[in-house]
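Here's a quick briefing to read with the model open in your viewer. Take the bullets in any order you like.

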Amino acid sequence: MASGPTEDFTCRANGENKVSGSGRSCRRYQSESDPDVTTAKILARLCSRDEEQRAAALDELSQAVLACLELDRPGSARLGKQTLLQLLRLSRLCPLQEARERARELLRTAQEQGVEVPRALSSGPSAFIPAKEMLKEGPDQEVLMEAYLSLGRLDHITMVMGLHPAYLSCFLRAQHALLEIDGPLPRHWRHYIAVMAAARHQCSYLVQQHSAGFLDAGGEESWLAGLDHAPTKLRSLQTLNKLLAHRPWLITQQHIQELVCPRADPCWSLAELIHAVILMAHAHSLSSFVWGCGLNPEPDHVGGYAFHPPSPSHVPRSPHSPAYEDGRQELVDGAMEVEVLMKRMVELQQQQEEEECTQEEMLTRFERERSESIPTAVVRGAPPDLVLHLVEDPEFRYEDFSPRGEQAPPTMRAQDYSWEDHGFSLVNRLLPDMGQHLDEKFQVVCSLTYHRMAMHEGVDTHTLRKALWNYIHCLYGIRYDDYDYGSVNVLLERSLKVFVKTMACHPEQTTVRVYHAFWRHFRHSEKVHANLIVMEARLQAALLYTLRAITQYMR
């Protein structure tokens with residue numbers, strides 16, 4: 001992909017960089033004298049923007065690790081598990097070449113001295129995108145470097161989103177504001193709410209990520225043992241959480257009243273509730289992205305590493321990676337599909353300029369699209385133990401907004417309640433600046449284009465991007481009166497619809513076969529772009545239903 005100017009990812013709060021995640025906080029460790037704490041402090045300095053400070057931190061890291069390996073030295077300590085995992089992470093994901101090489105050297109030295117060192121179970125951030133393809137299409141190193149210095153670590157989400165730097169920039173700003181900047185909810189509650197939300201989609205990746213953030217923010221570890229250990233006020237979000245995740249059109253002002261009414265016990269303020277709602281919707285939609293891009297567990301996450309004897313003969317595949325089906329779909333020349341799509345886009349544009357559909361015909365086309373039967377992938381088994389104890393009513397899942405032969409709930413007309421005219425101002429009123437952050441993401445992902453499609457350059461992809469966005473809203477029962485839903489059937493072939501519906505509605509069922517079945521001749525970065533559109537369209541749809549219910553309660 002064509003590289004653009006480096007985006008500013010710096011997230012600041014109270015005038016200083018404020019970050020979270022393993023490597024930047026020592027709160028989860030028991031003792032300041034613990035070698036793991038020492039390593040965490042050194043790694044925090046490794047993220048300095050001063051090159052001399054980074055070099056000094058790297059030397060200090062080497063000395064600390066080598067001191068632990070000098071077992072005959074009085075007072076020396078064995079290398080802790082967290083230190084080994086931090087070294088593994090550094091060796092794999094740090095954008096600083098010298099730091100990666102030093103970490104690999106320290107792991108080799110430890111192994112030579114008989115220490116069982118961890119091995120990563122994946123070769124790249126995605127189980128769907130080959131590591132060599134990520135390198136070929138990957139983001140500019142300056143982009144990754146800026147993200148690393150701002151966040152204190154690079155994760156697989158950042159690396160894959162980095163294929164689209166303009167979007168990554170506004171995503172990181174919004175996420176930082178949601179999780180870190182002063183607001184109505186304490187930081188550890190924010191991460192716990194994200195844990196609860198990610199667990200609805202069995203997303204162990206995000207559950208682990210936010211569990212670490214929860215502990216870093218001073219959260220009590222016992223809460224992670226199960227919902228019963230969390231405060232009653234947090235548990236009271238469970239009904240709203242499952243509706244937001246699976247059937248947001250069922251949310252009514254009654255659900256809001258039960259949480260914010262002065263007689264409610266416990267009682268949420270509207271500001272607290274809107275913060276919690278956005279956190280849950282953010283985690284739900286981000287789970288779709290994690291599953292849809294086949295993200296592998298982080299090297300220091302459960303399922304991302306394994307300890308082996310010094311000379312292992314085989315590295316097993318991670319059991320926590322997205323579902324893999326034996327026998328990858330046979331490679332088929334997709335060039336003809338691209339040509340057909342190009343032709344349809346041109347013809348559709350000409351047709352729309354020449355013909356004008358009646359409102360009755362446009363409504364008929366919407367209803368036809370809404371009630372179309374699109375099968376999704378094979379249903380997974382029970383949620384993994386890592387998330388099962390964090391889910392209430394795990395059998396509650398997505399059901400089609402308009403099942404065939406059944407009475408559908410009333411459609412939400414975008415002209416009656418929209419993000420631009422209603423949701424944006426309500427969010428900004430209750431949670432200042434958050435509406436702006438969300439709006440920036442929505443606008444960037446909808447307008448993002450490189451004017452190319454597969455092997456073709458100079459292509460206007462606006463109609464395709466709009467069809468994707470509106471199809472997802474259609475799945476959630478949202479209708480635009482001025483949009484011709486016949487365009488969706490023309491531009492979105494069935495395999496793409498299967499992927500989109502699976503990712504938006506049943507993300508935990510996404511498989512490598514479903515991913516490879518659509519747009520077979522497109523770049524992986526183009527498929528990631530489609531994932532971003534699905535993620536943001538799903539987020540906006542869920543928010544619209546909840547914000548409408550809040551608006552109705554406030555009247």
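What follows is a tour of the core, a few helix contacts and some individual residues.

Keep in mind that this is a predicted model. The protein chain has 24 helices and 8 strands, and 58% of its 555 residues count as buried. Looking at contacts with a separation of 6 or more, 77% of them join residues 24 or more positions apart.

**The nonpolar core**

- The largest nonpolar core takes in 161 residues, and the ones with the most contacts inside it are M161, Y192, L237, W268 and F289.
- Helix 24, covering residues 524–554, gives this core its largest share, at 16 residues.
- If you want one core residue to click on, try L237: setting aside neighbours within four places in sequence, L237 touches I193, M196, L259, W268, L273, A276 and M280.

**Helices 12 and 13**

- Helix 12 is mostly covered, with 8 of its 9 residues buried.
- The buried residues of helix 12 are Q238, L240, N241, K242, L243, L244, A245 and H246, so the list includes a lysine, K242, which counts as buried because its relative accessible area is under 20%.
- Among the elements covering the buried residues of helix 12 are helix 9 (187–200), helix 11 (232–235), helix 13, helix 14 and helix 24.
- Over in helix 13 (residues 253–260), the buried residues are H255, I256, L259 and V260.
- Those four sit on the same side of helix 13, because they cover an arc of only 115 degrees around the axis.
- As general background, an α-helix has 3.6 residues a turn, so residues three or four places apart point the same way.
- The cover over the buried residues of helix 13 includes helix 12 (238–246), helix 14 (270–292) and helix 24.
- One of the buried residues of helix 13, L259, is also among the contacts of L237.

**Two helix pairs to look at**

- Helix 14 packs against helix 22 (residues 494–505) at an angle of about 135 degrees, and the axes are 8 Å apart.
- That angle falls outside the parallel, antiparallel and perpendicular ranges, so helix 14 and helix 22 count as oblique to each other.
- On the helix 14 side of this contact you'll find S288, F289 and G292, and they meet F499, M503 and A504 of helix 22.
- By class, the residues of the contact of helix 14 with helix 22 are 4 nonpolar, 2 polar and no charged.
- F289 turns up twice here: F289 is in the contact with helix 22, and F289 is also listed with the residues that have the most contacts inside the core.
- The other pair is helix 18 (residues 419–430) with helix 24, packed at about 70 degrees with axes 10 Å apart.
- Angles of 65 to 115 degrees count as roughly perpendicular, so helix 18 and helix 24 get that label.
- From helix 18, the residues W419, G423, L426, V427, R429 and L430 meet Q540, L544, L547, I550, T551 and M554 of helix 24.
- The contact of helix 18 with helix 24 splits into 8 nonpolar, 3 polar and 1 charged residues.

**Positive phi**

- D433 isn't a glycine, yet it has a positive phi of about 75 degrees.
- D433 is in the loop between helix 18 and helix 19 (434–447), and D433 is exposed, with a relative accessible area of 53%.
- W519 isn't a glycine either, and its phi is positive at about 45 degrees.
- W519 lies in the loop between helix 23 and helix 24, and at 7% relative accessibility W519 counts as buried.

**Far apart in sequence**

- V512 is in helix 23 (residues 512–517) and is buried, at 5% relative accessible area.
- V512 and C293 are 219 residues apart along the chain, but their C-alpha atoms are separated by 9.0 Å.
- S48 is in the loop between helix 1 (35–45) and helix 2 (51–69), and at 14% relative accessibility S48 counts as buried.
- S48 and S150 are 102 residues apart in sequence, and C-alpha to C-alpha they are 9.1 Å apart in space.
- Leaving out neighbours within four places in sequence, S48 is in contact with Q53, R54 and L149.

How values were computed
Residues are numbered from 1 along each chain as its sequence is written. This is a predicted model: local features need pLDDT of at least 70, side-chain atom pairs count only at pLDDT 80 or more; totals for chains, interfaces and linings use all residues. Side-chain values use heavy atoms; hydrogens and water are left out. A nonpolar core is a set of buried Ala, Val, Leu, Ile, Met, Phe, Trp, Tyr and Cys residues joined through side-chain atoms within 4.5 Å. Buried means under 20% relative accessible area, exposed over 50%, partly exposed in between (1.4 Å probe, protein chains only). Contact means heavy atoms within 4.5 Å. The arc is that of the directions from the helix axis to the C-beta atoms. Axes are lines fitted to C-alpha atoms, for helices over the stretch in contact, and angles run from 0 to 180 degrees between N-to-C directions. Angles under 35 degrees count as roughly parallel, over 145 as roughly antiparallel, 65 to 115 as roughly perpendicular and the rest as oblique. Ala, Val, Leu, Ile, Met, Phe, Trp, Tyr, Cys and Pro count as nonpolar, Asp, Glu, Lys and Arg as charged, and the others, Gly among them, as polar.
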